[in-house]
Amino acid sequence: MAGKVWSALQGRELEVGPRVEPSWKGKDWLLKRDADDVAWLILDRAGESVNTLSEAVLSELDECLGQLEARSPKGLVLRSGKPSGFIAGADIADFRGLRDAQELKDRLGRAQAIINRLDALAVPTAAVIHGFCLGGGLELALACDYRIALKSASFGFPEIKLGLHPGLGGMTRVTRLVDPLEAMTMMLTGRSISAPKAKAFGLVDLVTEERHVLAAARAAIDGEIKRSGRGLRARALSFKPARKYAAGKMRAKTREKARQEHYPAPYALIDLWERRGGGADLFQKERDSFANLLVGDTAQNLIRVFFLREKLKRRAENSSDLHYVHIIGAGVMGGDIAAWCALKGLGVSIADPDHAALAGVAKRAGDLFSRQLDAASERRDALDRLVLDFDNLGVERADIVIEAVPERLDIKHEVLRDIEPRMRRDAVLATNTSSIPLEDLRQALQRPERFVGLHFFNPVASLELVELVRHDHSSKDTLARASSFCGRIDRLAAPVASAPGFLVNRALTPYLLEALTMLDEGVGAETIDEAALRFGMPMGPAEVADRVGLDICVEVADRLRQSVKLLPETPAWLRDMVKRGELGLKSGKGLYEYSAGKPKKRDAAPEPDDAMIDRLVLPLINACVECLRTGIVADQDLVDAAMIFATGFAPFRGGPLHYAKTRGPEAVVAALQGLSQKYGSRFTPDEGWAALGATT
């Protein structure tokens, strides 16, 4: 009896139809028929852990559909043979470097024809979906008559994140199937939805469990599953005036987040839906729009960013043996690191002599868990994993200890000397310093080989990058374990050498200081920020400085100025503001005044010009070239990835060095030389430009 109970509790194998020899088998697909002549078509890509759609996969599907047309079954069930999920979408590698729009339209036309052939089968069809069903995978499922989902399934159209929209007929089918506003929200945000939510608005016909898949599939083939109607709003949106009104609202909301000249895909998607409605030619229009987007710079650069992220993720793929984290310092950074680690399933303790600061950590953690976790039980479990350690006892049991106390060498030395003797000998010791060289910090340690920098960025929950800082005594094992730890908490570790400001702050500081210099010259903060926004930055430098904290900006700039040549001086009025406690967002007043966390900006500020954009952005790029030349970072891809994922540097431009290569290194150097003649030697091109093909 106990054996039967244990067996029932174990995970079930995927239901993939009858246990018979396939009637047809290709490299990635196999076809079986059961005793009732229901065909089961299984996708299980050879040599891959995840199913994706490539041209070869679709070509083989076309061959299989020919087999089904030649001998029609009673019905067809489509399923993935991968435990990881249904289909993760198109193979993004197929998209790289494509520039011929007409060739792409022809290729997409062939792919659409294959999916349309599935749609046109003269027998009932059902897709059974577990795990992820994304992008092209969802487009394929939409060509089936029914979609049966396991409770764990999730659905989404993430193409917008690559500067695209669905192109295989998914946009056309989903807006016909469900409430168009729900469908457009899915496509415009790129966010995934759960199986219950998909069922609620008709994307999914049935949600079930693995043990009921066979019965559910039979019910679908027999026509026994009832389908919900689209609703009154969907019917109203079939009329052009209603679509025009709704599309206007969508464009206005999209403009709040993305400019059309930077990110054309959401606007193209809205145009498609508004102007064509459910017309018969919409498949072709969808295909042509997708092709035109894909060959453009924005999509190609966002595809580059996708692979930069994958490259960083691969650095942290080793399983982490670090399960319990102790953090010292309950300021904003320490508290948010603690909350994030608890959210990701680690045991966490956080210590600080200021008990009020610890109480603040609990509140912010609760807010984070409420935003990130749907179930009350999940939020409770996350809070249970976070221990407010009033006596600093967690240091003795931790696998990794992270120091996050104020940016003063004497304070950090005192903390490091205190905790090192109490740590387990196999534990990793990390610092979250944002600018102090680790060679200075390690002087306080007896075993510097296990010491490493883990520089998180604020806000921790939004910015994916962590600078993994090595120093002259770091061991390979410590660096590997710290990198794996970053992967364990879903952060991207960028290896950098210890140097003042490391990479990100070294590059960001001249950008921020140039904005402050412009302010000193009488240029308004709104105009300066608009210049950065026009370039594609997610936020202007004046607002960034306020959010970082003007006191922190002054401290970092002063520290960097001791070792970095040609940084502009910090204006005296800024130091006076810091003395008065006008520190930016955290004090309610800085370069802007703040209300409810938002800056009060003038509506009618003077317009910036292109020269102002260069004056802000080129010093940042010049610093990136210096960091590459001096070995702070290993390669150009790492520079671009770090600046995008830590600062939000205009992703559609592909990264600062990629932007410089696209613009032309000679042209960038010439622009820097022109700025140097006009504004001073701080714009002098770094000698590292020669390695990028420019004459300095």
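The following dialogue discusses how to read several features of this predicted model.

Colleague: Let us begin with the interior. How many residues does the largest nonpolar core have, and which of them have the most contacts inside it?

Modeller: The general idea is that in soluble globular proteins, nonpolar side chains tend to be buried together. In this predicted model, the largest nonpolar core has 99 residues. Those with the most contacts inside this core are L465, L591, L616, L620, I621, F645 and W689.

Colleague: Which helix gives the most to this core?

Modeller: Helix α25, spanning residues 610-629, gives the most, contributing 11 residues. Another core, of 78 residues, lies apart from the largest one; L164, A265, L293 and L294 are among its members.

Colleague: With which residues is F645 in contact, leaving aside its neighbours within four places in sequence?

Modeller: With that exclusion, F645 is in contact with V305, L308, R309, L312, L463, E464, L465 and L492. One of these, L465, is also listed with F645 among the residues with the most contacts inside the largest core.

Colleague: Let us turn to pockets. What is the volume of the second largest pocket, and which residues are closest to its centre?

Modeller: In general, rolling a probe the size of a water molecule over the atoms shows where empty space is left. Here the second largest pocket has a volume of about 490 Å³. It is lined by 25 residues, of which R506, V564, K565, L566 and E626 are the closest to its centre.

Colleague: Which elements give two or more residues to that lining, and what is its make-up by class?

Modeller: The elements are α20 (504-520) and α25. The largest share, six residues, comes from α25. By class, the lining has 13 nonpolar, four polar and eight charged residues.

Colleague: How many disulfides does the structure hold?

Modeller: A disulfide is a covalent bond between the sulfur atoms of two cysteines. The structure holds zero disulfides. C624 is in none, and the nearest cysteine sulfur, that of C627, is 6.4 Å away.

Colleague: Why is there no bond between C627 and C624?

Modeller: The sulfur of C627 has its closest cysteine sulfur in C624, but the 6.4 Å between them is too far for a bond, because a disulfide requires the two sulfur atoms to be within 2.5 Å. As for accessibility, C624 is buried, with a relative accessible area of 0%, and C627 is likewise buried, at 0%.

Colleague: Finally, where does K313 lie, and is this residue buried, partly exposed or exposed?

Modeller: K313 lies in helix α13, residues 297-315. Its relative accessibility is 40%, so K313 counts as partly exposed. The C-alpha atoms of K313 and K27 are separated by 29 Å, the two residues being 286 residues apart along the chain.

Note on methods:
Residues are numbered from 1 along each chain as its sequence is written. This is a predicted model: local features need pLDDT of at least 70, side-chain atom pairs count only at pLDDT 80 or more; totals for chains, interfaces and linings use all residues. Side-chain values use heavy atoms; hydrogens and water are left out. A nonpolar core is a set of buried Ala, Val, Leu, Ile, Met, Phe, Trp, Tyr and Cys residues joined through side-chain atoms within 4.5 Å. Buried means under 20% relative accessible area, exposed over 50%, partly exposed in between (1.4 Å probe, protein chains only). Helices (H or I, at least four residues) and strands (E, at least two) are DSSP runs, numbered from the N terminus. Contact means heavy atoms within 4.5 Å. On a 1 Å grid over the protein atoms alone, a cavity is a set of points where a 1.4 Å probe fits but cannot get out, and a pocket is an open set with protein on both sides within 12 Å along at least five of seven lines; lining residues have an atom within 4 Å of a point. Grid points are joined across faces, edges and corners, and a volume is the space filled by probe spheres set on the points. Ala, Val, Leu, Ile, Met, Phe, Trp, Tyr, Cys and Pro count as nonpolar, Asp, Glu, Lys and Arg as charged, and the others, Gly among them, as polar.
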